[in-house]
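User: I'm new to reading protein models and I'd like a close look at one part of this one. Could you walk me through it slowly?

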Amino acid sequence: MPATFNYAGVRFPYPENWQVEISPGEESWSAFVQSPSTAFLLVSFTEGEFDLGETADVALQELKSEYPKLEVIDAIDTISGLPAVGYDAQFFHFDLTNTTWIRAVPMTSGSLLLMAQFTDDESELNGEVLRGMLHVMQLDEPEVEE
């Protein structure tokens, strides 16, 4: 039976043996959804108006600073019916190929950054689990009272 992530209008199922850590904040929050192995999904919300391309670029630059030989292709996606821009990246670490998907999604009051990562030896299982989590993700921002 899958568990359900449900925080600040972001909902998606995830395997019940994965761990979730939420870091709330006043103008931003983040959640780290970790598999029992190395695969993970980072969900990060920042309040305010942001250029989605810039949001994805910042995440990519941070990844490039750790892994300079990163191979990158542009990616355009749809998440919860909304446009998602970003990158598909691969890098080698400890003799494994690591795949990272970076997506920035617009929300009414800010932007959502999604970053999924897994190694080649877990792509059949955890890669598909992460793809499924992104595919069925629902974004229903709570109404802001004025």
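User: Where is the place of Ser80? Please take a close look at that spot, and then link it to anything similar elsewhere in the model.

Analyst: Sure! Keep in mind that this is a predicted model. Ser80 sits in the loop between β6, which covers residues 71-79, and β7, which covers 82-93. Take a look at its backbone: phi of Ser80 is positive, about 55 degrees, although the residue is not a glycine. What about its surroundings? Ser80 has a relative accessible area of 30%, and because anything between 20% and 50% counts as partly exposed, that's the label it gets.

Now hop over to Ala8. Here phi is near 50 degrees, again a positive value in a residue other than glycine. Ala8 also lies in a loop, this one between β1 and β2. With a relative accessible area of 32%, Ala8 is partly exposed.

The strands on either side of Ala8's loop are worth following. β1 pairs with β2 (residues 10-14) in the antiparallel sense, over 5 bridges, and Phe5 stands opposite Phe12 in β2. Helix α2, residues 123-136, packs on the sheet and touches β2 and β10. The helix direction makes about 150 degrees with that of β2.

So what's the whole sheet? It's an open one of 3 strands, ordered β1-β2-β10, with antiparallel pairing. β1 (3-7) and β10 (138-139) are at the edges with a single partner strand each, so one side of each has no neighbour in the sheet.

Notes. Residues are numbered from 1 along each chain as its sequence is written. This is a predicted model: local features need pLDDT of at least 70, side-chain atom pairs count only at pLDDT 80 or more; totals for chains, interfaces and linings use all residues. Side-chain values use heavy atoms; hydrogens and water are left out. Two strands pair if DSSP finds at least two bridges between them. Helices (H or I, at least four residues) and strands (E, at least two) are DSSP runs, numbered from the N terminus. Contact means heavy atoms within 4.5 Å. Axes are lines fitted to C-alpha atoms, for helices over the stretch in contact, and angles run from 0 to 180 degrees between N-to-C directions. Buried means under 20% relative accessible area, exposed over 50%, partly exposed in between (1.4 Å probe, protein chains only).
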